[in-house]
Amino acid sequence: MPESNSTFTTNRNLGFASGIFSSAPLASVDAPEPTNAQTNFVYKFFTKNERSEYTGGTGVEIARSADVSAPRWIEISFKKPEAEYNAKTLQEVTSYLDGKTLIELAQGGYIHIEDSVTSERFQREQITASGLDLRTVAILSGSAESLATGVEREFAGGESSRSISELAIRISESLTGVRGDVPAELVLSASSAENDAQVGQTIIKYLNASGQSAQRVNYQSRESKQQIERKADVVTDRQETLGINRLVLDSVVQSSICNMNHMLHDEINSMRSTSADIQSAARAQSASSGISPSSYDISVLPFYTNSRTPTSYRSVLVGHIIEKLEIKGGLVSEHPSILLVGSDAQNYKDGKINYGSTYKYRVRSVFMREVPATFGTSGRRGVARFLVSSSGESAESIVSCVEIVPPPEVADFMVSYDYDAQGNRVSWSLPVNPQRDIKYFQIFRRFNVNQPFSLIRVIDFDDSTERETLRETYPNSVVEKVEIVKCLYVDTKVPQETEAIYAVCSVDAHGLTSGYSLQMACTFRRAKNLLETRLVSRPGAPKTYPNLYVSEEAFVDVLRSSDRRTLLTFFDPEALRIRSSNGAPENFVEESSFTISIINEDLSLSDKIVLNSVKLTTPETASSSEASRFDADTAVEEAYGNRRSSSPTSFNISRGDDSSSSMRMSRRGGR
């Protein structure tokens, strides 16, 4: 393909020109990618210094998977690239590329990333973009003037004349269809922002989070705001790697910086200081026409060479490299990459983690390539072996090291009386908790099941080096700090002959809380000089619903009465109309029946009365023998048309002298 130094314009937009530049073919090396990368945080048990054990660093280290005795780890799994090798080839390659050799080669810089292996005719540029939040706002709002002037005002601390709320709506409309429907939470968060920077940060978090299929953030979930932000707070700075032919490098740069809406405008503009000289030098050394063999040459750093005659190309998977970044408190720190040796490794347990941090992993496959080569300027031909890794872009995963398992309820809960202290003695014991992270007990009291619980004491025995911020707050007056575990509290503020209900909750070092323990009611009887107790509820009731398992019956089955000859039963349904899923009305009254048992204890007689709501009738046509049928919706609307000013429909049951029963349905009251 003849080389050309000319450019030709393809279109014009917003006053700048975009061009296509003819170029020599790009010679590069491809390494198959691992897929299905997944991460999972496993929390085994509590340690005092959870947040300050491991620091960042650089380089490559051999994989040493965490054992089952480690307090916590991150499980990393992936699917290796599809490749088949015969046993002889694997045995040969393994003989000279063992774990020790691979780690030495990796630390010596002998592993090439596939993006970096290109022809010498190409200039490799790695661009790191910063300030993407403001640029995102400018581009999505569709305003070139915003980028040229509005962003400058924002950096200078000035006020933007645009409405942030209107801007957020335009941004949400721009995103719709690109990544699915925009969550209402995103629009609300952007609309409540005070400046463009805050709007941009919201958009960046949404794009980062929704771009990770395994870690997609559900803004409608019940997760706390902190958990959502922790998952979505991925690295906002983005790196782009470009391979540009030096013959047209400066021409590409000049054309790119004409586009004021380009996300990398500032970074590309900074390349102008060297791009012109590089292009001029490349053109001076280039042939005037024709195809040059150097256009297809690539330069690599081999770890082995041989002058024998090459017979074939070989490519063998020899391991994987796991790159690791830690995101903590808004700061990003790099950790040493982890080298997994062998073609069969597909999982790893990383025990060098800090609780509360978020980690980003990228898995690269590492191949040994054996190719024909020409050595240096001598022109000698032979065989070269070098290592190349995949880019890892299809094998990224993000995980937050946050425990989400609440502790169990306390065990052996009981209430007794302390005669020395003259108070109710509440005691319990630590539950079976493999995580060993219970650090607080909360004691609650109420005087009947119709009242909410009141927190009367918090026993704090947290020995963490760096304490978590608890999710619940309470005054210091109720906190009792102790050095060892204490499972006892004496309440001296309840008068004798007064019933009190007690319960205890356990709280772990991370602020997660259990449900209520057994709920026990107790009353001290002075006449008997003892404490009477009764069980109110089994353990496990959540704090928001303390009566969920209350053993008391909600309805009374037996009503005692005397000197009565008339029984009045009220039919007061909670639903006036019921419709099926297809919208058709259902006559629910035809499905109901009620049985009333009447017992005369003096005469030892009993009878049953069955009320069948077969049909609704008007008062004029109601009788014990027959009634006219009519539309159920109309009857319900008539009977319950004005619930606030009329009494409910009633069944009037009378007992006659002939021991027979009669029933009539009437409507009492009126408008």
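**Note on strands, burial and contacts**

1. Lys328 touches Arg51 and Ser357, leaving aside residues up to four places away in sequence; contact here means heavy atoms within 4.5 Å. This is a predicted model, in which local features need pLDDT of at least 70 and side-chain atom pairs count only at pLDDT 80 or more, while totals for chains, interfaces and linings use all residues. Residues are numbered from 1 along each chain as its sequence is written, and side-chain values use heavy atoms, with hydrogens and water left out.

2. Where does Lys328 lie? Lys328 belongs to strand E10, residues 314-328. Helices (H or I, at least four residues) and strands (E, at least two) are DSSP runs, numbered from the N terminus. Lys328 counts as partly exposed because its relative accessibility is 32%; buried means under 20% relative accessible area, exposed over 50%, and partly exposed in between, with a 1.4 Å probe and protein chains only. The C-alpha atoms of Lys328 and Thr358 are 6.4 Å apart, although 30 residues separate the two along the chain.

3. A second lysine, Lys360, is found in strand E13, residues 358-375. Lys360 is buried yet has no salt bridge. A salt bridge is a side-chain nitrogen of Lys or Arg within 4 Å of a carboxyl oxygen of Asp or Glu. The nearest side chain of opposite charge is that of Glu396, at 4.1 Å; for this purpose Lys and Arg count as positive and Asp and Glu as negative, whereas His and the chain ends are not counted. Beyond residues up to four places away in sequence, Lys360 touches Glu323, Lys324, Leu325, Glu396, Ser397 and Ile398.

4. One open sheet has three strands in the order E3-E5-E12, with antiparallel pairing. Two strands pair if DSSP finds at least two bridges between them. Strand E3 (35-43) and strand E12 (347-350) are the edge strands, each pairing on one side only. On average, neighbouring strands of this sheet are turned by 15° against each other, direction ignored; the axes are lines fitted to C-alpha atoms, for helices over the stretch in contact, and angles run from 0 to 180 degrees between N-to-C directions. Strand E5, residues 72-79, is joined to E12 by four bridges, and the two run antiparallel. Ser77 stands opposite Asn347 in E12.

5. Another open sheet of three strands has the order E16-E17-E21, also with antiparallel pairing. Strand E16 (411-418) and strand E21 (488-491) each have a single partner strand, so one side of each is left without a neighbour in the sheet. Neighbouring strands here are turned by 15° against each other on average, direction ignored. Four bridges connect strand E17, residues 423-429, to E21 in the antiparallel sense, and Val426 stands opposite Tyr489 in E21. As background for the student, strands of a sheet pair through backbone hydrogen bonds, either parallel or antiparallel.

6. How many residues of strand E23 are buried? In E23, residues 519-525, six of the seven residues are buried, and the strand is mostly covered. Strand E22, residues 500-508, pairs with E23 in the antiparallel sense over three bridges, and Ala521 in E23 is the bridge partner of Ile501. E23 also pairs with strand E24, residues 530-537, over seven antiparallel bridges; Met520 stands opposite Leu535 in E24. E23 and E24 form a hairpin with four residues between them, and Asn529 in the turn has a positive phi of about 55°.

7. Leu512 is placed in the loop between E22 and E23. Is Leu512 buried or exposed? Leu512 counts as buried because its relative accessibility is 9%. The residues that Leu512 touches, apart from those up to four places away in sequence, are Glu403, Ile404, Val405, Pro406, Pro407, Arg471, Ser506 and Val507. The C-alpha atoms of Leu512 and Leu470 are separated by 8.1 Å, with the two residues 42 apart along the chain.

8. Helix H9, residues 249-257, is largely enclosed by the rest of the structure because seven of its nine residues are buried. These buried residues are Leu249, Asp250, Ser251, Val253, Ser255, Ser256 and Ile257.

9. A search of the whole structure finds zero disulfides, a disulfide being a pair of cysteine sulfur atoms within 2.5 Å. Cys401 is buried, with a relative accessible area of 0%. Cys487 is also buried, with a relative accessible area of 19%.
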